Amino acid sequence: MQIARTYVEAIARKDVDAVISISADDIVCTSPRGRIIGTPKFREFHDGFARMLRKVTLLAIYGDDQQAVVVYSADTHPVANAIVAEFFKVTNGKIVSTEVIYDAAPFVAHMATARPH
């Protein structure tokens, strides 16, 4: 559970290096955007999230040393108050997998109205 808390705190600070430091080299992340494997792709995923993030508010955290669930509100530039849940599996103090759950529809709707730069 402490690893999950550290993860959410790092996201809130937009500290992608801290996220990667607690992630296994072969981390598997599944989200509405698809499945990614490995820290290079996981870093890209979090770099993009950090760029659009305004604020993270931790709503709940449950778990133990091997798995945890966190629920947080993510205020982003395209979507305010996106509720996100993540289910983590942890081995030897590193996140080996995370299942990211959120409603992608508001983000898709925003992209449909966004003009290219």
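Is Phe45 buried or exposed, and what is its relative accessibility? In this predicted model, Phe45 counts as buried, because its relative accessibility is 16% and buried means under 20% relative accessible area.

Phe45 is also part of one of the two aromatic pairs that the count gives. In the edge-to-face pair, Tyr7 belongs to helix α1 and Phe88 to strand β5, so this pair ties together parts that lie 81 residues apart in sequence. Tyr7 is buried, with a relative accessible area of 0%, and Phe88 likewise counts as buried, at 1% relative accessibility. The stacked pair joins Phe42 and Phe45, which are three residues apart in helix α3 and therefore separated by about one helical turn; Phe42 counts as buried, at 0% relative accessibility.

| Aromatic pair | Arrangement | Centre to centre | Between the planes |
|---|---|---|---|
| Tyr7 and Phe88 | edge-to-face | 4.7 Å | 75 degrees |
| Phe42 and Phe45 | stacked | 6.2 Å | 10 degrees |

The largest nonpolar core has 28 residues, and Tyr7, Phe42, Phe88 and Val70 are among those with the most contacts inside it. Helices α1 (2-12), α2 (16-21) and α3 (39-52) each supply at least two residues of this core, as does each of the strands β1 (23-31), β3 (53-63), β4 (67-76), β5 (82-91) and β6 (94-102), while α1 gives the most, with five residues.

Val70 offers a closer view of such surroundings: leaving aside its neighbours within four places in sequence, Val70 is in contact with several residues, including Ala4, Val8, Leu58, Ile61, Val84 and Phe88.

Key
Residues numbered from 1 in each chain as written. Predicted model: local features only at pLDDT ≥ 70, side-chain atom pairs only at ≥ 80, totals over all residues. Heavy atoms only, no water. Core = buried A, V, L, I, M, F, W, Y, C linked by side-chain atoms within 4.5 Å. Buried < 20%, exposed > 50% of the residue type's maximum accessible area, 1.4 Å probe, protein only. Helix = DSSP H or I, 4+ residues; strand = E, 2+ residues; numbered from the N terminus. Contact = heavy atoms within 4.5 Å. Phe/Tyr/Trp six-rings, centres within 6.5 Å; stacked < 30°, edge-to-face > 60°.
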